[in-house]
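Colleague: I have a few questions about ring contacts and one loop. Can you take me through them?

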Amino acid sequence: AATDFAFAAIKEDGSVVTWGNSLDGADSSAVSLDLVNVLTISSTSRAFAAIKEDGSVVTWGAAGDESNYGADSSGVSADLTQVQSISASNQAFAALKADGTVVTWGDANYGGDSSSVVDDLTNVQSIAGTDRAFAALKTDGTVVTWGDEYYGGVVGFELADIQSIYATTGAFAAIKTNGEVVTWGFDPYGGKSYAVKDQLQNVVFISAAEQAFAAIKNDGSVVTWGRSDFGGDSSSVSAELMSVKSIAATNYAFAAIKDNGTVVTW
């Protein structure tokens, strides 16, 4: 796993090795004795959170920074049990527990405080995060959001029949059970999809760059939206974007693999 300037590697025996900038999570010496039997590691921009085999969580990073980026989880340590997965915004973490509840910590302005929606955070099956907000998908297909309203923390319409959620740094895109797509959050970062709304039908997968989305439809065609200089405009390769089976993204670009093994980039 990686923060902006450090890596954390899980070894076969469940121990962890870190390197890079010591201020951004490379120095894990303070928690080295706890970093055993680690299953997965998540990261904000400057801190790491590791889930252990027993469902407990170990956090570290952001040395000398008062906002701590989620490195300090002491305030919720008693609640961090039976954790199954952890999602991250830029400066906060959201942990999904086995019972479907959610625990959050880190900068409150980045989704670290979910107290306003805690009663709704039940039966959660997955969580996605933008830079400053989170969206939790519940088993009944509804969605709970919190964090910065401009980054998707507030939805101005009802969200139902959702099967999956994806995020750029400032917006969310959700695929409904009927294959339609709904978006919300910061308009330039993909929160506004009106221009391609009629095309966003029968969607099976969405890939996200930093400020743009790319959706694969069940016929293998691709629809993009968001900032054009981040991959939101694929018009230059639209004739080639057929029979696509998967898409990967950097911050500023997309790469699509076609059924015949060739690759299209934009």
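Colleague: Which ring does the charged end of arginine 46 sit over?

Modeller: This is a predicted model. In it, the charged end of arginine 46 is 5.2 Å from a ring centre. The cut-off for a charge over a ring is 6 Å. The ring belongs to tyrosine 69.

Colleague: Which residue lies over the face of tyrosine 151?

Modeller: Tyrosine 151 belongs to a cluster with Phe186 and Tyr189, linked by ring pairs. Its face also has a charged partner, at 5.3 Å from the ring centre. That partner is arginine 132.

Colleague: Are the planes of phenylalanine 186 and tyrosine 189 stacked or edge-to-face?

Modeller: Their ring centres are 4.8 Å apart, with the planes at 75°. Over 60 degrees counts as edge-to-face. So the pair is edge-to-face.

Colleague: And how are phenylalanine 230 and tyrosine 252 paired?

Modeller: Centre to centre, they are 4.3 Å apart, with 20° between the planes. Planes under 30 degrees apart count as stacked. Phenylalanine 230 and tyrosine 252 are therefore stacked.

Colleague: Is serine 89 buried or exposed?

Modeller: Serine 89 is in the loop between β6 and β7. A polar atom of its side chain lies 2.7 Å from the backbone oxygen of tyrosine 110. Its relative accessibility is 6%, and the cut-off is under 20%. So serine 89 counts as buried.

Colleague: Which residue is the bridge partner of alanine 173 in β14?

Modeller: β13 and β14 run antiparallel, joined by five bridges. They form a hairpin with four residues between them. Alanine 173 is bridged to threonine 183.

How values were computed:
Residues numbered from 1 in each chain as written. Predicted model: local features only at pLDDT ≥ 70, side-chain atom pairs only at ≥ 80, totals over all residues. Heavy atoms only, no water. Pairing = 2+ DSSP bridges. Helix = DSSP H or I, 4+ residues; strand = E, 2+ residues; numbered from the N terminus. Buried < 20%, exposed > 50% of the residue type's maximum accessible area, 1.4 Å probe, protein only. Polar contact = N/O pair within 3.5 Å; in protein donor to acceptor, adjacent residues only side chain to side chain. Phe/Tyr/Trp six-rings, centres within 6.5 Å; stacked < 30°, edge-to-face > 60°. Lys NZ or Arg CZ within 6 Å of the ring centre and 35° of its normal.
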